[in-house]
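Dear colleague,

I am handing over the structure below, and my notes on what was found in it follow directly after it. Please read them with the sequence and the coordinates open beside you.

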Amino acid sequence: MATAMLRSSIRSASRGGAPRVTPASKRTFASHSSVHEEAREAAKWEKITYAGIVGCTILAVINLSKGHPHSDEPPAYPYMHIRNKEFPWGPDGLFEVKHH
């Protein structure tokens, strides 16, 4: 694949550098539309994209500006912290922060 691309670039450089454009190699949005219609369609989708960005940004700001409820400390269930032996770093878990 790389060698084919290299050969193609060498051939186009030897021809003068301008790539050949055939009618079949042109890509359009729709096969039966004119350039003016394609430009109008592209402008329409650009406006829709910008409106979507603005709408999503406003929605995100509204959702993130609301507070979220803070709950109290969960009850201390004794069966969740059964320890038969002390940890080497002390009586609490490594990532537990307890205020004694």
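To begin with a single residue, E41 has a relative accessibility of 32% and therefore counts as partly exposed, and K44, with a relative accessible area of 39%, is partly exposed as well. Please keep in mind throughout that this is a predicted model.

These two residues belong together, since E41 forms a salt bridge with K44, in which the closest N and O atoms are 3.3 Å apart. Both sit in helix α2, which covers residues 35-65, and because they are 3 residues apart there, about one helical turn separates E41 from K44. A search of the whole structure finds 1 salt bridge.

Turning to the segment after α2, this is where Y77 lies, and at 38% relative accessibility Y77 counts as partly exposed. Together with Y79, M80 and I82, Y77 forms a nonpolar patch on the surface, and the accessible area of these residues together comes to about 500 Å².

The last item is the largest pocket, for which the computed volume is about 280 Å³. Its lining consists of 11 residues, and those that lie nearest the centre of the pocket are E73, P74, A76, H81 and K98. By character, the residues of this lining divide into 6 nonpolar, 2 polar and 3 charged.

With best regards

Key
Residues numbered from 1 in each chain as written. Predicted model: local features only at pLDDT ≥ 70, side-chain atom pairs only at ≥ 80, totals over all residues. Heavy atoms only, no water. 1 Å grid on protein atoms, 1.4 Å probe; cavity = no way out; pocket = protein on both sides within 12 Å on 5 of 7 lines; lining within 4 Å. Points joined across faces, edges and corners; volume = space filled by probe spheres on them. Nonpolar A, V, L, I, M, F, W, Y, C, P; charged D, E, K, R; others polar. Salt bridge = Lys/Arg side-chain N within 4 Å of Asp/Glu carboxyl O. Helix = DSSP H or I, 4+ residues; strand = E, 2+ residues; numbered from the N terminus. Buried < 20%, exposed > 50% of the residue type's maximum accessible area, 1.4 Å probe, protein only. Patch = residues over 30% accessible without salt bridge, like charges linked within 9 Å, V, L, I, M, F, W, Y side chains within 5 Å. Areas by Shrake-Rupley, 256 points an atom, 1.4 Å probe, with all protein chains shown as cover.
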